[in-house]
Amino acid sequence: MAVDGYDTCIRALISARELPARAFFGRKTLREKATGWYEEAAGFPTLLGARVRPLAHQVYAALRILQDRTQRFLLADEVGLGKTIEAGLVLQALWHHSPELSVLVITPGSMVGQWWRELYLRFGARVFTFLDATVTSSAQVERRLDSPRLVVSTTSLQRNPDLRRRIAERHWEALVVDEGHHLDLSHPLYGTVRELSSRAEVALILSATPSQRKLVGLAALLALVAPREYQPDDVEALAQRINARREIWRIIDQAGQLLEAAEPELETLTSDDVRYLVEVWGDALRVDRNIDQWLNEAVKLEPRKAHARLQMALAYARERWRLDHRILRTRRRTLHFLQEPFSKRRLEAELAYEPSGGELTVAELLRDLPPQSKPDGFAWVQVLNRIAASTAEQYAALLRSRMAAYERGLSVGDSGFAAAWESQSSPAEEAALVQEAPWRCPALRVDGVGGELGWLRRALAATEAWKDVEGEMPARFRAALQWLAERSAESPQRRFLVFSQELRTVEQFASVLKRETSLGARTFHHGMEEDALEKAALAFIHDKDVRVLVSDDLGGEGRNFQNAWAVLHLDVPVSPGRLEQRIGRVDRLGRSATEPVRSATVTGPFAMESFLHRAHRDVFRVFEESIGGLEFVVPELVRQLRTGVAQPASAEETLSRLAAEVRAAREEDDQAFQAGLDTSRAELKDAAEIAELLAEDPALDSAKAPVHWMTSIGVGVEQDGRARSRVSLNPEHLEVPIPGVGNQLPEFRATWRRADALEDEGVQFLAPGHRLVDGAYLLLDGHDFGRAAFMSRLLGPANRNVLFALGLFVVDLPEGGAGLPVGLVARTRARVGRDTRLIILRYQPDIESWTRVGEQRLVRELERPFEHRGGDRDLSEEKARLMADGRVLRSLEVAFGRVVEDLRKAEGGLAEDYAEELARSWAQEMAYLHALLEAGTPVEQERARAELQLRQAVITGVRELRPRLDALALVMGS
C-alpha cells in the first residue's frame, strides 16, 4: 500500500546535496518531545512557555478564546485579575501557528509602556514598536508604522488625524483594545476602532465588568466583537434579550448557590436533599431536553453522583443562556472556592504638614481663581493645581514659562489641549503636556489688578518665598520622610513603594532619602532606559538593602511589587483608576491574605488636592476596596469630579452627588444579571487542574529536544551555567531561515526554567511560545531539512556493511488538520497528541526485502543521537551508489507499506477509542449547539450548524488516523 510521506522523504534523499544525520535525529527528538507538550498544555504548547504562572481563570479565558472557531471576545474580568495576561496568552498561541501575525494594540497612553514591555518580556520575545504622543518626529512615526506589531496610544490617535487614518487604512490581522469601556458611541475613536475590528480576524476587547446600568456602553462593546449580531446603538434589542432571560438567570443563580452550599456536605447529603436541589430548577429550564434529562437522572443517582450531574446541568445552563458567549468575566468572589487569597486594603496614615506662609499664599491664590469658561483654560487651572502640589521649585518654573508665553503672545482659540489633558495619558505624555500647557492654553479670566499676568507675578513672589523657607527639604518631603523612618524602624523587612506624578519629584525625594536615611532608595520613572528600570525593579524585589522604590506612575503599570509593606502617595491624581493602578502593584493575587494592602497619603493646603483626596477616600473608597465593578461609570464620574474641582463653592454638593452614584453602582447587585455573565465554578475547576500542571517547572532535560534540533539548523547554543545558555544566530552558519525570526538575531542569554525566567528578567525564557523555539518547530512541517539522512555507524562486526532504515512516523489528523480551526485541532491534539513511531528495518539483499529489527540492544544503538566522536559519519557523498540500485528503495516502500498496515490494524481500535473519548468530552457543548440549532436566533443557528459540522469532521478525522512518514535515515553498519 502507498505510504504517506514516503515520496517526500525520497525526494529529499535524492535532491539534497548534503544529508546531515544530526538534523534527522534532531527532528526525531523534537517530534517526540512535542507530543508531550500538546498533552501537558491542553493542546497549546505555548502555555508552557509564558513567563507567568497563569492562574485558573486566566487559563480558562485563554483556552476558551483559542478553542473557539473565531477569536473575537470581550474580556471583562474584574480589575486586577490579569486581563493583559489573558490577551498575551492568546496572542502567544496564535503566533505559534502564524509567526507573521500582525497585531495592533490600542491602549490609553498610561498603559503603552506596560503592553510594549509585557508582550516582549512575558510572551515570546516578539518585538513591538510603540507610538504615543511623545513620538513627534514624522520620520520616527513613519518608521514605526511599518512594524507588523504596534502598540499605539489613544491620545496619539485622537491628536493626530493623519496617524489615525494611516492606521485605519492598514489591515491588521489581530486587534487588541485595552480599557474598551471608555470607547462608547460618543468617543471620537469609536468609529475608527469599529472599522479596524470589522476587518480583523482576531479581536480582543479588554473592558471593565459590564453594567446593566450602562447598556449603551455594553452594546457598543458587543458591536466590536460581533458586528453581525449587534448594532452599537441598538440598546433596546439588548435590553429585550436581558429581560427575556432574567427569570432563567435567577434560577441558575439560585441553583448555583445551593449546589455550592451542598458541596461541603456531600458525605451526609440525602436523597431528599437531591430532590430539593432538583425542584429548585422549576419548569422554565426543563423545556430544554438536555437539562430535563440530567435532572431526571440526578434523582435516580446516589447523592455524590447526583451532585456532579447537577453541576454538569448548571455549567450547561450557564453557557446555554449566557448573555453572550463572547463575554468572558470572572469576579473575585467566584475565585474564592479555588482558595485564591485576597488581602484587605486600608488607609494606614493621612499625613498633613504645616505649610509655610508662602505656600499658604499660593494655595489661596489658586483657590480664588474664578471658574473658566474655555475648556483649555479650565485644563490650565488643573495643571497649576497639580504642579503646586509638588515642590516650590517646579511650580516656580511653570509660572516662569507662562510669563514667557505672555511675552510671545498667548493662544486665543481652543487648541484641543483640554481633550489631551483629560485623556488617559502615559507619564511621559503627561510630562510633555505639562511642558506645553503654558504655551497652548488661552489667558485665564482672573479677578483683580493685571489679569492673569498680574496674578502670575503675585503667585511667583509667593512661590519664591515658599522656596526660600523650605530650601532642599520641602515640608511635604519632611512629613513623608518622618513616616517612612518610623515605620521602617519597626521592622527591617518592610519595603515601601512611593509614588508621585512628577518625574522631578521622584528624583528629588529619592535624593533626600539617600541623603537623610539608609533605606537604600531607588528611582523608577519614564525618563529611565528599559534596562535601568529592570535593574531598579529587581533590586527592590530581591536586594534586602533596597527598601524604598520611588516611582512616577510608570511603576503603576502592570508591575508586581507585592513585597511592599505599604504604598505612600506623595500626591493625589484626579482619576481613581490611577490610584487603583498604584495600589494594584501591591494588591495582587498571591499576597498573603493576612497582610493588609496599606496606603499612606500626603496632602498640603491646596483645595483641589484636599477635594480629590476626600473623593478617593470617602466616595470611591479606593484605599479600602478595589474599584472593580465601577469602571463603566468611572469615566463619567471623573468628568463630574473635574467639574467639581473648578467650583470649590459647590464641593460638598459634588461629593454628595458622586457618593450617591457610586453607592448605587456598588449596590447594584443584580445577581440574575451577573449569572448571565459569570464564569462557572465547574469551568474554573477544570482550568485549575491545567494551571496546576503548567505551574510545574519543566525538567532540565526538556531543553535537550529543542536544543538538539536548533543546533542542527545552525543556531549557536552555548551552555552558560546549569540552566542558562547563550544563544546566537549567524547567517553564515544557518542551514535554513527560521519562520518568524529570519537568519539573524542578536546574541542573548536564555534559560529553560520558568523559575529562573521569573526571577531574572534579563534572560529570555526559551520554551514553546518563544519565537525562536516556535520558528524552529514550524520547520518540522514547513521544510525538508532533516527529513532524510544517509550515514554510517559502528554497530559491531555482525552488522558491518548491513543497511538499516529508520522511519520516523507521525500519527496525525488527515493533512495535519489543514482547513480546520486552530482551536479544534489543538483540542484534539491535547487528547490524541501527534504520536511518533520510530520503525527500524534491516535490508536483506539476497531476497531484496526488509525485516523489522527486534533486538533491543541494536535498536538502542540505532536510535541514539548522531555523534562524530562515537564513530558516526555522514555518507551524503556516497548516496549515488545507493540510488543507482532502485531495488533498495522500491522494496523499502513495500516494507513500510506493510508496517503502516500492521500499525493501522493494531491501532485501529485505539483510533476508535480516541474518537469516542473526544465525542464524550464534547458531549456537553454538542448538546448546547444542538439546542441552539433548534431554538436559537438565525445567526446562532448558522453558527451552531457550522460548529457541529466542524466537530463531526474532527471526530471522523480521528477515526481515520494513519501514520505518515515524516523522515527517513539510512544507516550503514560499520
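Helices, in the sense used in this talk, are DSSP runs of at least four residues, and their numbers are counted from the N terminus. With that settled, good morning, colleagues. The structure before you is a predicted model. I shall speak about two sheets, one pocket, one cavity and one pair of helices.

I begin with the pocket that ranks second in size. Which helix gives the largest share of the lining of the second largest pocket? That helix is H30, with nine residues. The lining as a whole comprises 44 residues, and those nearest the centre of the pocket are Glu683, Asp686, Arg827, Ser921 and Glu925. The space inside the second largest pocket comes to about 1,600 Å³. Several helices contribute at least two residues each to this lining, among them H3 (56-66), H14 (303-320), H30 (681-695) and H34 (822-832). Helices H37 (886-921), H38 (923-935) and H39 (938-959) also supply at least two residues each. As to chemical class, 20 lining residues are nonpolar, 18 are charged and six are polar.

Two of these helices, H38 and H39, also pack against each other. In general, such a pair is described by the angle between the two axes and the distance between them. For H38 and H39, the axes come within 8 Å and cross at roughly 145 degrees. The crossing of H38 past H39 is left-handed. On the H38 side, the contact includes Glu925, Tyr928, His930 and Leu933, while the H39 side includes Glu940, Arg943, Leu948 and Arg951. The residues of this contact fall into seven nonpolar, seven charged and two polar. Glu925 has thus appeared twice: among the residues nearest the centre of the second largest pocket, and in the contact of H38 with H39.

I turn now to enclosed space. How many cavities of 30 Å³ or more are counted? The count comes to four. The largest cavity holds about 100 Å³ of space. Its lining consists of 13 residues, and Arg241, His325, Tyr928, Glu940 and Arg943 lie nearest the centre. Tyr928, Glu940 and Arg943 also belong to the contact of H38 with H39. Helix H11 (235-262), H14 and H39 each give at least two residues to the lining of the largest cavity. By class, this lining has 10 charged residues, two nonpolar and one polar.

Next come the sheets. One is an open sheet of seven strands, paired in parallel, in the order S3-S4-S2-S5-S6-S1-S7. At its edges stand S3 (129-131) and S7 (327-328), each pairing on one side only. Within this sheet, S1 (residues 72-75) and S6 (residues 202-206) are parallel partners joined over four bridges. One pairing can be named: arginine 72 has alanine 203 of S6 as its bridge partner. Helix H10 (residues 215-225) packs on this sheet, where it touches S1, S6 and S7, and its direction makes about 150 degrees with that of S1. Helix H9 (residues 190-199) lies across S1, S2 (103-107), S5 (174-177) and S6, and runs at about 145 degrees to S5.

The other sheet is also open, with six strands paired in parallel in the order S8-S13-S12-S9-S11-S10. Which strands form its edges? They are S8 (345-352) and S10 (522-524), each with pairing on one side only. Neighbouring strands in this sheet are turned against each other by 20 degrees on average, direction ignored. Strands S9 (residues 496-499) and S11 (residues 548-551) run parallel and are joined by four bridges. Here, phenylalanine 499 has serine 551 of S11 as its bridge partner. Helix H25 (residues 576-584) packs on the sheet and touches S8, S9, S12 (566-569) and S13 (597-603), with its direction at about 145 degrees to that of S12. Helix H26 (residues 607-619) lies across S8 and S13 and runs at about 160 degrees to S13.

Thank you for your attention.

Notes. Residues are numbered from 1 along each chain as its sequence is written. This is a predicted model: local features need pLDDT of at least 70, side-chain atom pairs count only at pLDDT 80 or more; totals for chains, interfaces and linings use all residues. Side-chain values use heavy atoms; hydrogens and water are left out. On a 1 Å grid over the protein atoms alone, a cavity is a set of points where a 1.4 Å probe fits but cannot get out, and a pocket is an open set with protein on both sides within 12 Å along at least five of seven lines; lining residues have an atom within 4 Å of a point. Grid points are joined across faces, edges and corners, and a volume is the space filled by probe spheres set on the points. Ala, Val, Leu, Ile, Met, Phe, Trp, Tyr, Cys and Pro count as nonpolar, Asp, Glu, Lys and Arg as charged, and the others, Gly among them, as polar. Two strands pair if DSSP finds at least two bridges between them. Contact means heavy atoms within 4.5 Å. Axes are lines fitted to C-alpha atoms, for helices over the stretch in contact, and angles run from 0 to 180 degrees between N-to-C directions. A crossing is left-handed if the near helix is turned anticlockwise from the far one by less than a right angle, and right-handed if clockwise.
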